[in-house]
Amino acid sequence: EGYDESGRADLSRRRKDFKAVAFWEPGLVTKREGVVTHSFDAPDNLTSFRLMAVVVKGNQFGSGDHPVVINKPLIIEPALPAVTNLSDQIDLTAVLHNNTLKAQRLEVEVMLDEHAQFVERLGEVIPTRLEVSPVQRRTRVEELNISPGQTEVLHFPTAMVREGEATWTWKVRSLSEEGLVDSAESKLDIGYPLPLLRSSRSVTLGGDERTNDNLLAGIDTDLL
């Protein structure tokens, strides 16, 4: 996975396998020369990992580490909030990295699912009822120029219109250099801003009156 038929890296494959720990193998055994070889599939994180090794022989121990960089010539990174709720309006952010030696003209496409829709500006009034957004409000395409070795940011004002787990697709391609592309998938939980189960009860107390009433009597235990 991640390579085309010729064995080259498939730059168009959608990145969605993001891990904090890229690889863990506790039982590798070296040859007599003290060398061991192993391979693993790198996750889709485009970042720097630290490769750490600990070796033991009898009561002797050793360790070492080395940085490993996973990169692409053109990168799109979704920048999302940690939490969001139904009816929230937020700026979805696409962070673009041009790691080539040439200036690029880019086309960026962001596709939402039924949980959200784009708005022209934050604060725009939209229907409050839960309904599937029109398709044309769930896709946004922008173009921009980016200098070699530079990073640019695009903002997409967005309204949350349905609760649940949202899955969105982010794509970028160079209009200047064929085959220079990147694609990523992001997930975000959209919650409900108020408890789904609520109960209220009022009690009036006046002066020096005292009551022995159980104020929790009759309350649904699922709310406690």
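Which strand does S174 lie in? The answer is β11, residues 164–174, and the close-ups below start there. Keep in mind throughout that this is a predicted model.

**View A. S174 in strand β11 and the residues around it.** We begin with a serine that is tucked away: S174 has a relative accessibility of 6%, and since anything under 20% counts as buried, S174 is buried. Its side chain makes a polar contact with the backbone nitrogen of E177, at 3.0 Å. Setting aside neighbours within four places in sequence, S174 is also in contact with L74, Q104, R105, L106 and L180.

**View B. F23 and F40, a stacked pair of rings.** The structure holds 2 aromatic pairs, and here is one of them. The ring centres of F23 and F40 sit 4.5 Å apart with the planes at 10°, and planes under 30 degrees apart count as stacked, so that is the label this pair gets. Both F23 and F40 come from the loop between β1 (14–15) and β2, yet they are 17 residues apart, so the pair links distant parts of the chain. As for solvent, F23 is partly exposed, with a relative accessible area of 30%. F40 is partly exposed too, at 39%.

**View C. F118 and F156, a tilted pair.** Now for another pair of rings. F118 and F156 are 6.0 Å apart, centre to centre, with 50° between their planes, and the pair is tilted. This one also links distant parts of the chain: F118 belongs to strand β8 (residues 116–118), while F156 belongs to strand β10 (residues 151–160), 38 residues away. Buried or exposed, these two? Both F118 and F156 are buried.

**View D. The largest pocket and its lining.** About 1200 Å³ of space lies in this pocket. Its lining is made of 31 residues, and the ones closest to the centre are E25, L28, M52, A53 and V54. Sorted by class, the lining has 20 nonpolar, 7 polar and 4 charged residues.

**View E. Strands at the wall of the largest pocket.** What do the strands bring to the lining? β2 (48–57) and β3 (60–69) each supply at least two residues. The largest share comes from β2, with 9 residues.

Terms used
Residues are numbered from 1 along each chain as its sequence is written. This is a predicted model: local features need pLDDT of at least 70, side-chain atom pairs count only at pLDDT 80 or more; totals for chains, interfaces and linings use all residues. Side-chain values use heavy atoms; hydrogens and water are left out. On a 1 Å grid over the protein atoms alone, a cavity is a set of points where a 1.4 Å probe fits but cannot get out, and a pocket is an open set with protein on both sides within 12 Å along at least five of seven lines; lining residues have an atom within 4 Å of a point. Grid points are joined across faces, edges and corners, and a volume is the space filled by probe spheres set on the points. Helices (H or I, at least four residues) and strands (E, at least two) are DSSP runs, numbered from the N terminus. Ala, Val, Leu, Ile, Met, Phe, Trp, Tyr, Cys and Pro count as nonpolar, Asp, Glu, Lys and Arg as charged, and the others, Gly among them, as polar. Rings of Phe, Tyr and Trp (its six-membered ring) pair if their centres lie within 6.5 Å; planes under 30 degrees apart count as stacked, over 60 as edge-to-face and the rest as tilted. Buried means under 20% relative accessible area, exposed over 50%, partly exposed in between (1.4 Å probe, protein chains only). A polar contact is a pair of N or O atoms within 3.5 Å; within protein, one must be able to donate a hydrogen and the other to accept it, and residues adjacent in sequence count only if both atoms are side-chain atoms. Contact means heavy atoms within 4.5 Å.
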